[in-house]
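Subject: Structure handover and notes

Dear colleague,

I am passing on the structure we spoke about, and my notes on it follow below. Please read them with the coordinates open beside you.

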Amino acid sequence: MNPMSLDPAIAARLKRNPDGLVPAVVQEDSTGAVLMMAWMDDEALARTLATRKATYWSRSRSEYWVKGETSGHTQHVREVRLDCDGDTILLRVDQTGGACHTGDHTCFDADQLLGDQ
């Protein structure tokens with residue numbers, strides 16, 4: 001895939017960590033459930049905006065990955081927002097299959113640390 005450039009106005013608003021990454025919180029559009037968190041750099045965000053396919057930067061593999069490209073558990077991006085500080089991206093998606101690499105619908109299914117009694 002050819003490198004894509006992020007709109008300079010958007011790029012200027014981003015506050016990146018020392019590795020050039022911004023956290024991306026992924027929310028299911030239909031339910032509002034938080035599905036996962038991943039990392040994006042400028043190119044991952046540009047690819048996502050251009051294709052509506054959720055594209056992230058894998059810190060462990062040092063490469064871009066399109067969610068569902070190998071698993072079939074895709075994320076069609078309905079909306080992308082930047083928080084008020086420019087340091088977190090919110091993606092609202094239509095999720096097909098599990099969002100978590102474990103196959104769970106959300107990465108937050110397993111370990112509830114506190115809840116209503």
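I begin with Cys100, which counts as buried because its relative accessibility is 8%, the cut-off for that class being under 20%. Please bear in mind throughout that this is a predicted model. Cys100 lies in the segment that comes after β6, and, once residues up to four places away in sequence are set aside, it touches His105, Thr106 and Cys107.

Cys100 also appears in the UniProt record, where an unreviewed entry places the feature "binding site" at Cys84, Cys100 and Cys107. These three span 24 residues in sequence, and the farthest two of their C-alpha atoms are 27.0 Å apart, so they do not all gather at one spot. Of these residues, Cys100 and Cys107 are included in the lining of the largest pocket. As for Cys84, its place is in the loop between β5 and β6, and with a relative accessibility of 75% it counts as exposed, since that class begins over 50%.

The largest pocket itself holds about 540 Å³ of space. Its lining is made up of 24 residues, and those that lie nearest the centre are Met36, Arg61, Trp65, Lys67 and His101. Strands β2, β3 and β4 each supply at least two residues of this lining, which by class has 11 nonpolar, 8 polar and 5 charged residues.

A second group of positions comes from the same kind of record: for "binding site", again in an unreviewed entry, UniProt lists Asp83, Asp85 and Asp87. Asp85 lies in the loop between β5 (75-82) and β6 (89-95), and Asp87 lies in the loop between β5 and β6 as well. Asp85 counts as partly exposed because its relative accessibility is 40%, and Asp87, with a relative accessible area of 29%, is also partly exposed. If neighbours within four places in sequence are left aside, Asp85 is in contact with Arg13 and Lys15, while Asp87, on that basis, is in contact with Lys15, Val22 and Pro23. Lys15 therefore appears in both sets of contacts, as the cut-off of heavy atoms within 4.5 Å defines them.

To relate this loop to helix α2, one may take Asp85 and Thr48, which are 37 residues apart in sequence and, from C-alpha to C-alpha, 20 Å apart in space. Thr48 is one of the buried residues of α2 (residues 42-51), along with Glu43, Ala44, Leu45, Ala46 and Arg47. What covers the buried residues of this helix includes α1 (8-13), β2 (34-40), β3 (55-58), β4 (63-66), β5 and β6.

Both ends of α2 have a local detail that you may wish to look at. At the start of the helix, a side-chain oxygen of Asp41 reaches to within 3.2 Å of the backbone nitrogen of Glu43. After the helix comes Arg52, whose phi is positive, near 65°.

Which residues lie nearest the centre of the largest pocket, should you want a place to begin? They are Met36, Arg61, Trp65, Lys67 and His101, and the lining to which they belong also includes Cys100 and Cys107 from the first UniProt group.

With best wishes

Note on methods
Residues numbered from 1 in each chain as written. Predicted model: local features only at pLDDT ≥ 70, side-chain atom pairs only at ≥ 80, totals over all residues. Heavy atoms only, no water. Helix = DSSP H or I, 4+ residues; strand = E, 2+ residues; numbered from the N terminus. Buried < 20%, exposed > 50% of the residue type's maximum accessible area, 1.4 Å probe, protein only. Polar contact = N/O pair within 3.5 Å; in protein donor to acceptor, adjacent residues only side chain to side chain. UniProt positions renumbered as here; feature names shortened; annotations may be inferred. 1 Å grid on protein atoms, 1.4 Å probe; cavity = no way out; pocket = protein on both sides within 12 Å on 5 of 7 lines; lining within 4 Å. Points joined across faces, edges and corners; volume = space filled by probe spheres on them. Nonpolar A, V, L, I, M, F, W, Y, C, P; charged D, E, K, R; others polar.
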